[in-house]
Amino acid sequence: STIVGGMGRCYPPRIEEAKSIVAKLDRDGTISRGDERIGTALIHTCGDNGDFDGSLEAYNAINKPDIIALNAFLDACCKCGKVRAALETFEAMFTSKSESRLRGSRSSGRPRSFSPDVVSYTTLISALLETGSSPASDRAHKLYDEMKSSWGISPDIALVDIILSAMVGGGSLGLD
């Protein structure tokens, strides 16, 4: 996973080489492309470099994603400008809806063995507040309330900073 992550930080990024190395090591039986650590590193590498399709492919290849892999995918979606995809993936994992509207995502068919955490909510709320629109702010507010009431998750300092920044920079876009 260190090599995959390092290749994404090269200038210029070597995403295709990272994908090729993972595929070759998987074919050789050295590693499993379905391993959550390898997949998560590839999700980060692709997402940090604007490759949404690569992030989606890496996420879907993970046999049993954990909350770290999911959060990496949510972050990759947001970094690639696919906030709606992040929200749909989150809903597919943590609501009673059985259908995922995200093309190609297998999230809805996976058994869930974990709950969202403050990082999940911080990623989504931050992306929504960055848009600066009133409907996105309303959605962020609903997520914030859900985080506290449905999951019993308290905001951390990073989330409080994001909300305060939105309030200072965007007037009424912050949360109560």
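The following exchange asks how several descriptions of this predicted model are reached.

Reader: What makes up the secondary structure of the chain?

Author: The secondary structure comes to nine helices and zero strands, and, read along the sequence, the chain follows the pattern α-α-α-α-α-α-α-α-α. Of the 176 residues in the chain, buried residues make up 45%.

Reader: How do you know that the span of helix H6 agrees with its number of residues?

Author: Helix H6, residues 83-94, has twelve residues, and the expected span is 1.5 Å times one less than that number, which gives 16 Å. The end C-alpha atoms of H6 are 16 Å apart, so the span in the model agrees with the expected one.

Reader: Why is H6 called largely enclosed by the rest of the structure?

Author: A residue is called buried when its relative accessible area is under 20%, and eleven of the twelve residues of H6 are buried, so the helix is described as largely enclosed. Among these buried residues are Val83, Leu87, Glu88, Phe90, Glu91 and Phe94.

Reader: What covers the buried residues of H6?

Author: The cover includes helix H4 (52-61) and helix H5 (67-79), together with helix H7 (118-131) and helix H8 (134-149), where contact means heavy atoms within 4.5 Å.

Reader: Why is Cys77 not counted as bonded to Cys78?

Author: A disulfide needs two cysteine sulfur atoms within 2.5 Å, whereas the sulfur of Cys77 is 6.5 Å from that of Cys78, its closest cysteine sulfur, and is therefore too far for a bond. Cys80 is likewise in no disulfide, with the nearest cysteine sulfur, that of Cys77, 7.4 Å away. By this rule the count comes to zero disulfides.

Reader: Is Cys77 buried or exposed, and how do you know?

Author: Cys77 has 0% relative accessibility, and because the cut-off for buried is under 20%, Cys77 counts as buried.

Reader: Why is Leu164 called partly exposed?

Author: Partly exposed lies between the cut-offs of 20% and 50%, and Leu164, at 45% relative accessibility, therefore counts as partly exposed. The place of Leu164 is in helix H9, residues 157-170.

Reader: What makes Leu164 part of a patch on the surface?

Author: A residue in a patch must have over 30% relative accessible area, and nonpolar side chains are joined within 5 Å; the 45% of Leu164 passes that first cut-off. Leu164 forms a nonpolar patch with Val160 and Met167, and together the three have about 240 Å² of accessible area. As for the whole chain, about 9,200 Å² is exposed, of which carbon and sulfur atoms supply 51%.

How values were computed: Residues numbered from 1 in each chain as written. Predicted model: local features only at pLDDT ≥ 70, side-chain atom pairs only at ≥ 80, totals over all residues. Heavy atoms only, no water. Patch = residues over 30% accessible without salt bridge, like charges linked within 9 Å, V, L, I, M, F, W, Y side chains within 5 Å. Areas by Shrake-Rupley, 256 points an atom, 1.4 Å probe, with all protein chains shown as cover. Salt bridge = Lys/Arg side-chain N within 4 Å of Asp/Glu carboxyl O. Helix = DSSP H or I, 4+ residues; strand = E, 2+ residues; numbered from the N terminus. Buried < 20%, exposed > 50% of the residue type's maximum accessible area, 1.4 Å probe, protein only.
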